[in-house]
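Here is a brief report on a two-chain model. Please keep the sequence and the structure open while reading.

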Amino acid sequence: MSLDVAIRLTEIFLALAFIQQSIEHIDGRNKETWLYFAQIILCVLLLFGVYTPWICMALLGIALWMLSRYDGPYNGGSDRMGLLVLCSLCLVNFLPQGQWREYVFGYLAIQLVLSYFISGWVKLVNREWRNGQALRDVFQFSAYPVSEDLRALSSRPQLLLLMSWAVILFELAFPFSMITQTSLIVGLIVAAIFHFANACLFGLNRFFWIWLTAYPSLIWFQQRILDFG
Amino acid sequence: MFLMSCAERHTKNPTEHSLNEIVKRIKADFGGGREGDDGRLYMRFRLVFVHRDQRQLKQTVTFVSPAYCLSSEVAK
């Protein structure tokens, strides 16, 4: 995948992810509804590649306003990832053709890899994750919108222990998926299934869409490293 | 998730912003309320955090709000 194709795919995925996020805020009772309408219009323009650099800048302006409005990220990690992808797109669209664009998109790809590896490492050094207690607690009393049927999973410790270690090992092993193109595709499919499961089980739907937006950067980055080697 | 984040922020460092965001969302979804002496409906809320202590689950109330008027109209 060439850098230009990776950038274009990232723009398309980000536009779709932001449209989905904006729709959540469209509510007659919400004073800021007009701003989310504006964001949707900007995303449609981004989707079709119209005035892309300036559209990215306008979206960044809205994202910064949201940081101020909500006194931090509205939706935690997913908003941080969205901002990282958006900043990367702003930079690559304004930087001249050349190595600096590659550095920016390479940085985004490395951040994606680290997002899995560090998350796995934090779980590994946490005793509650190693013995399955953390996942039991999540199902039993977390504030996530877990359905009552799913809360019953908290009484199946063996299954949750298995799930805990499956998540830990997958996240720690993710960087090794970059060894070959096939292993990376498999790694990204497993990662997408992981995010999809989190969306279904815990209502973390924003994470699914926004993490997908960074995948083209990693596919390009791996190809770039293999070509370099 | 934002509501949870506001609850955590308000417990660690109470601000008008986090309080207003919580009140705004509760008011938008709340269908009940208790009638006050003036005949209007009021609500209060508290922030309760659940945590594990050894094998037991424990609840800690970190904040109890004042009463908020739900409508300017007198309840029938």
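Chain B and chain A of this predicted model bury about 1,300 Å² between them, 53% of it on carbon and sulfur atoms. Buried area here is the accessible area (1.4 Å probe) that two parts lose on being put together, summed over both. On the chain B side, M1(B), F2(B) and R52(B) supply 39% of the area that this chain buries against chain A, more than any other three residues. The contact (heavy atoms within 4.5 Å) takes 17 residues from chain A and 13 residues from chain B.

Two sentences on conventions. Residues are numbered from 1 along each chain as its sequence is written, and chains are lettered from A and ligands numbered from 1 in the order in which they are written. The model is predicted, so local features need pLDDT of at least 70 and side-chain atom pairs count only at pLDDT 80 or more, while totals for chains, interfaces and linings use all residues; side-chain values use heavy atoms, with hydrogens and water left out.

**Polar links between the chains**

Six residue pairs are in polar contact between chain B and chain A, both residues at pLDDT 80 or more. A polar contact is a pair of N or O atoms within 3.5 Å; within protein, one must be able to donate a hydrogen and the other to accept it, and residues adjacent in sequence count only if both atoms are side-chain atoms. The elements of chain B that give two or more residues to the side touching chain A are α1 (2-12), α2 (16-29) and β3 (46-53). Helices (H or I, at least four residues) and strands (E, at least two) are DSSP runs, numbered from the N terminus. The largest share of that side, five residues, comes from α2(B).

**Salt bridges**

A salt bridge is a side-chain nitrogen of Lys or Arg within 4 Å of a carboxyl oxygen of Asp or Glu. The structure holds 12 over all chains. Between chain B and chain A the count is two. Some of the pairs are listed here.

| Pair | Closest N to O |
|---|---|
| E21(B) and R69(A) | 2.6 Å |
| R69(A) and E32(A) | 2.9 Å |
| D79(A) and R206(A) | 3.1 Å |
| D53(B) and K58(B) | 2.9 Å |

The side chains of R69(A) and E32(A) meet in a salt bridge. R69(A) lies in helix α3 of chain A and E32(A) in the loop between α1 (3-25) and α2 (33-47) of chain A, so this pair ties together parts that are 37 residues apart in sequence. R69(A) is buried at 15% relative accessibility. E32(A) is buried too, at 11%. Buried means under 20% relative accessible area, exposed over 50%, and partly exposed in between (1.4 Å probe, protein chains only).

D79(A) and R206(A) also form a salt bridge. D79(A) sits in helix α4 (residues 77-94) and R206(A) in helix α11 (residues 205-228) of chain A, so the two join parts 127 residues apart in sequence. Both residues are buried.

Within chain B, D53(B) pairs with K58(B). Salt bridges that share partners join E32(A), R69(A), E21(B) and R25(B) into one network. D53(B) is partly exposed at 31%, and K58(B) is partly exposed at 35%.

**A buried threonine**

T52(A) lies in helix α3 (residues 52-69) of chain A. Its relative accessible area is 9%, which means buried. T52(A) touches E11(A), L46(A) and N93(A), not counting residues up to four places away in sequence.
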